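Biologist: Hey, got a minute to go through this one with me? I'd like to talk about the salt bridges and then any odd backbone spots.

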Amino acid sequence: IFLNPLDLGLNNPTLMPLFDPDSGLLIVSGNGESVIDCFEVNSSEPFLSQVSHCLTDASTRGVALVPKLAVDVSCCEVMRLMQLTDNFIVPISYQVPRKAGQDFHADLYPDTLGHTAAMTAEQWWKGENKQVERVSLNPSKRPKLVTPSAQETKPKDLPRGKSKEEASTSSSPLTTPSSSAAPSRSPSSTSGLSSGFLPSPSPSQSSRAIQSMLGPSSKFRHIQGSVLHRDTHITNLRGLHLTTPGECDGFCANGQRVAVPLAIAGGQIAVFELSQPGKLPDTALPTIQNSVNVADFCWDPFDNHKLVVAGDDAKIRVWQIPKGGLTETLTEPECVLRGHTEKIYSIKFHPHASGLLASSSYDLTVRIWNLEMGEEVKRLSGHQDQIFGMAWSPDGKLLATVCKDGKVRLYDPRKSTLPIQEGPGPEGQRGARVVWVCDGKYLLVSGFDSRSERQLYLFSAESLASGSVASAPADVSPSTLIPFYDQDTSVLILTGKGDTRVYIYEIVPEAPYFMECSSFHSSEPHKGLCFLAKTECDVRDVEVARAVRLGKTTIEPVAFKVPRVKKEFFQDDVFPDTSVWWEASLTAAAWLSGSNGQHRKISLRPKDMAPVSEAPKEVPVRKYLPSSVYLEEKTDEQKKEELLSAMVAKLGNREDPLPQTLYEGVDDDEWDD
């Protein structure tokens, strides 16, 4: 049988087939795939007939079959598979729908190969051929398993004071007790299996073992993403441009409005007010007309009314949105920046200086513009191929880029037009993004590896040449993961265009670097997420991030919350003082002259909430009386007195007359003759 991965719906040609000779079932999976197929192999046509198509939550890194003696025959489990993912080992059970009961279904369970060797290596070298003895899976016919160490114990070797039975039981932990003949119903547990497996450890032992294997866990590991109420949605979007360039985020938003590209000639962009949710009219909407295809666009972080658009004609247009939103179509920009000789890739505003913009282009240069003067002030070179992404450092001093030539570069624009550092980047050439993390100590790059699988890389900003210090695999998908990093919580949120899953990590500056948290799944593919200022979060509900999600026909706000018990207190451990990044700390001219700014910080704590760090410590309340009360020794007289008191209380007062003595009799003259 020849298996074609494409015919099986697998994108990765590396197949991992497993065959169970007892049931005739074939398991097929691919490395990096989230699909596991099961086929029945027949001796005649059709040779393969599909039995099941299993969709897994995580990508597969390996699969293995559990020994047949470990399956649970009481629930008609014919095969058990262990799936290895990046962080977990997941059991997958294959069961035949039969009525569960005491009857053993012999047609499902032929005799299987046992665990006893048929011969020694020396016998095989001499030319002997023997088969491993088959054993029955019927629990009533399985012999009691005793380890060789217990079988070989001689009477003269018995410990003093012990019988032979006691010695055989205590000498080996693998001896199966007679009370564990019934197999466990949990596919993930080996407790009680009559196949000689070790009994499962206690929950406390298991949790400690898992903790030691997986390492430290994040306090955001249970973060939950949820779409807010429909009353906050903008619906009935029509004519969205769903094929924006890979370097573009697809749409952009600030605290007041959302800009969305439309699939209409002339590079038109629609602007919607977040304060005006509801269903949009079916009629045409006022737009911004750029007259050319849009390559990238973004809002000025310090001016909610200024939108900057880069076009295919190598020009950058600056638009001013009137207060209250668009009421008519705009055709004349406030300013047009000219200088690039080829189409522009992407644009990024400086995090501190007002009116300072960086742009990358097909002409392999990065140019820095002063919007107040409307002119180019710096030109950076050194790239050999397409520039996938760029990002300013948190302090605004450095600019990082990731390029298709497989390099990550670091620039100090005020000192040199050439990179001050460069190092090896992602091997894949399908796209990449870069963002600064851990207070500017590291660069995180989302890209592709040599097998075109999405991958996350972490680089030290001090030594790019040494390569990545850590990496984390994601999954197989053609779209680049677009990262958002929260400086306050060190939480990294990523998703791609057309994805339904949002990945969440906490990034730490030391091993293990990536601490995976719960993912957010949406029912339909989205265009992407755009995150808002921290002041938009509902801190009373422990909301650590607020985003706007663009769907095919809707704009929906999404809240990311951390489940906490004491919500009446302000969770100051996840809400430190936040930077007011929506206010400029210096002008473009000041930055160009060598000055550096720093954002002021504010507290997100409401005045009527006390921080949880100052919450009073709760004294544990004892639910039950101490054991000393029940174990207290009493004298015989005390016991006798308590017994008599209990009997008296039950029978009532013994001095009271009996009920029949209280009845009045009948006089003799009242009797009838």
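**Salt bridges and odd backbone spots**

Modeller: Sure, and keep in mind that this is a predicted model. Let's start with a pair of side chains: D282 and R238 are both exposed.

Biologist: OK, and how do the side chains of D282 and R238 meet?

Modeller: In a salt bridge, with 3.1 Å from N to O. D282 sits in the loop between β15 (278-279) and β16 (287-289), and R238 in the loop between β11 (234-235) and β12 (252-253), so the bridge ties together parts that are 44 residues apart in sequence.

Biologist: What about R257 and E273, buried or exposed?

Modeller: Both are buried. Their side chains also meet in a salt bridge, at 2.9 Å from N to O. R257 belongs to strand β13 (residues 257-261) and E273 to strand β14 (residues 268-273), so this pair links parts that are 16 residues apart in sequence.

Biologist: Which residue does R546 pair with?

Modeller: That would be E543, with an N to O distance of 2.4 Å in the salt bridge. R546 counts as buried because its relative accessible area is 17%, under the 20% cut-off. E543 is buried too, with a relative accessible area of 1%.

Biologist: And which residues do salt bridges with shared partners join into one network?

Modeller: R61, D86, D449, R451 and E453.

Biologist: How many salt bridges does the structure hold?

Modeller: It holds 32.

Biologist: Good, switching to the backbone. Where's the cis peptide bond?

Modeller: It joins A511 and P512, and omega is about 10°. P512 is in the loop between β36 (501-507) and β37 (514-516).

Biologist: Why flag a cis bond or a positive phi at all?

Modeller: Because most peptide bonds are trans, and most residues other than glycine have a negative phi.

Biologist: So what's phi doing at Y513?

Modeller: Phi of Y513 is near 70°, which is positive although the residue isn't a glycine. Y513 is also placed in the loop between β36 and β37.

Biologist: Is Y513 buried or exposed?

Modeller: Buried, because its relative accessible area of 18% is under 20%.

Biologist: And what about C438, what's its phi?

Modeller: About 55°, so again a positive phi in a residue that is not a glycine. You'll find C438 in the loop between β30 (433-437) and β31 (442-448).

Biologist: What's the relative accessibility of C438?

Modeller: It's 7%, so C438 counts as buried.

Technical notes: Residues are numbered from 1 along each chain as its sequence is written. This is a predicted model: local features need pLDDT of at least 70, side-chain atom pairs count only at pLDDT 80 or more; totals for chains, interfaces and linings use all residues. Side-chain values use heavy atoms; hydrogens and water are left out. Helices (H or I, at least four residues) and strands (E, at least two) are DSSP runs, numbered from the N terminus. Buried means under 20% relative accessible area, exposed over 50%, partly exposed in between (1.4 Å probe, protein chains only). A salt bridge is a side-chain nitrogen of Lys or Arg within 4 Å of a carboxyl oxygen of Asp or Glu.
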